[in-house]
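Trainee: Hey, I've got a structure open and I don't know where to start. Could you walk me through it?

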Amino acid sequence: MITGLVDFLIQQDVLDKTYRDNSVYGLTLFLEKMVTYLLLMGISFFLGKPAEGLMFAICFVFLRQSTGGFHAKTFIGCLAGSVLSFYVAMEVMAVWLQSHVLISSSLLLMACICVFVWAPVNHPNLLLTEDEIKRNKLWSRSILLIEVCIIEIGYVLHMQWQQYIVSAVILCATFILIAKLIGQEVKNYEKK
């Protein structure tokens, strides 16, 4: 479908054929992300938690983009993992964390240490340069600090939504640990 669209645009002289592969790749990524986000938002509406789902998704995506972590090999694997992770975070983790504040705080502290020490994970599809690693390290720490401050504000104000952000941070840290444990990270000396 995407290849056909790109080929049509090339035939109509809207797109130069030298950009064909990049256009197919970019549009494929865009479509995959849109399908994933729409499905996750549909699930959050089905669960009756659209605001909580949006809060979790925003916090998770912002942090995950700078931290990296485990990646599935196929889009279907990624989609299934995203749906499962989203459901578990919304219906299991957040609910459990809300009723176990001390454990929630301890897990959040461990997740923050994990992000601070090991992020970003240089996934083979990324092949980050040294400058990109430094930039992502700074971004991951900055985003983490902002999210922790928002969580603390929620606790001070006795709100009921901060556990969704805590779930997002813990899930990002979990994906970092999984990638490290299974050796999915590319080392600098392997990037030749």
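Mentor: Let's go through the overall fold, the core, the salt bridges and the pocket. Keep in mind that this is a predicted model.

Trainee: Okay, big picture. How many helices and strands does the protein chain have?

Mentor: Seven helices and zero strands. If you read along the sequence, the pattern is simply α-α-α-α-α-α-α.

Trainee: And what does the C-alpha trace span along its principal axes?

Mentor: About 60 × 45 × 25 Å. The protein chain has 192 residues, and 35% of them are buried.

Trainee: What share of the contacts join residues at least 24 apart?

Mentor: Take the contacts between residues at least 6 apart in sequence: 75% of those join residues at least 24 apart. For a pair that is far apart in the chain, look at Val92 and Ser167. They are 75 residues apart in sequence, yet their C-alpha atoms are 9.6 Å apart in space.

Trainee: Where does Val92 lie, and is Val92 buried or partly exposed?

Mentor: Val92 lies in helix α4. Its relative accessible area is 46%, so Val92 counts as partly exposed.

Trainee: Let's talk about the core. Which residues of the largest nonpolar core touch the most other members?

Mentor: Phe56, Phe60, Leu63, Val115 and Leu144, out of 35 residues in that core. The elements that give two or more residues to this core are α2 (20–46), α3 (50–67), α4 (75–99), α5 (101–118), α6 (130–156) and α7 (162–181).

Trainee: Which one gives the most to this core?

Mentor: That's α7, with 12 residues. As a general point, nonpolar side chains in soluble globular proteins tend to be buried together.

Trainee: Can we zoom in on Phe60? What does Phe60 touch?

Mentor: Leaving out residues up to four places away in sequence, Phe60 touches Ala168, Leu171, Cys172 and Phe175.

Trainee: I also clicked on Ser140. Is Ser140 buried or exposed?

Mentor: Buried, because its relative accessibility is 0%. Ser140 has its place in helix α6.

Trainee: And what is Ser140 in contact with?

Mentor: Apart from neighbours within four places in sequence, Ser140 is in contact with Leu63, Ser66, Thr67, Val115 and Ala119. You've met two of those names already: Leu63 and Val115 are among the core residues that touch the most other members.

Trainee: New topic. How many salt bridges does the structure hold?

Mentor: Four. In general, side chains of opposite charge can pair when their charged atoms come close. One of the four joins the side chains of Arg20 and Asp7, with 2.7 Å from N to O.

Trainee: Which parts does that pair tie together?

Mentor: Arg20 is in helix α2 and Asp7 is in helix α1 (residues 2–11), so the pair ties together parts that are 13 residues apart in sequence. Arg20 is partly exposed at 27% relative accessible area, and Asp7 is partly exposed too, at 26%.

Trainee: What else does Arg20 form a salt bridge with?

Mentor: Arg20 also pairs with Asp21, where the closest N and O atoms are 3.7 Å apart. Asp21 has 56% relative accessibility, so Asp21 counts as exposed. Together, Asp7, Arg20 and Asp21 are linked in a network of salt bridges.

Trainee: Which residue does Lys49 meet in a salt bridge?

Mentor: Glu91, with 2.9 Å from N to O. Lys49 lies in the loop between α2 and α3 while Glu91 is in helix α4, so this pair ties together parts that are 42 residues apart in sequence.

Trainee: Is Lys49 buried or exposed?

Mentor: Buried, because its relative accessible area is 15% and the cut-off for buried is under 20%. Glu91 counts as partly exposed, at 28%.

Trainee: Last thing, the pocket. How much space lies in the largest pocket?

Mentor: About 1,200 Å³. There are 34 lining residues, and the closest to the centre are Lys33, Arg64, His71, Cys78 and Ser82.

Trainee: Which elements give two or more residues to that lining?

Mentor: α2, α3, α4 and α7. The largest share comes from α2, with eight residues.

Trainee: And how do the lining residues divide by type?

Mentor: Into 17 nonpolar, 13 polar and four charged.

Technical notes
Residues numbered from 1 in each chain as written. Predicted model: local features only at pLDDT ≥ 70, side-chain atom pairs only at ≥ 80, totals over all residues. Heavy atoms only, no water. Core = buried A, V, L, I, M, F, W, Y, C linked by side-chain atoms within 4.5 Å. Buried < 20%, exposed > 50% of the residue type's maximum accessible area, 1.4 Å probe, protein only. Helix = DSSP H or I, 4+ residues; strand = E, 2+ residues; numbered from the N terminus. Contact = heavy atoms within 4.5 Å. 1 Å grid on protein atoms, 1.4 Å probe; cavity = no way out; pocket = protein on both sides within 12 Å on 5 of 7 lines; lining within 4 Å. Points joined across faces, edges and corners; volume = space filled by probe spheres on them. Nonpolar A, V, L, I, M, F, W, Y, C, P; charged D, E, K, R; others polar.
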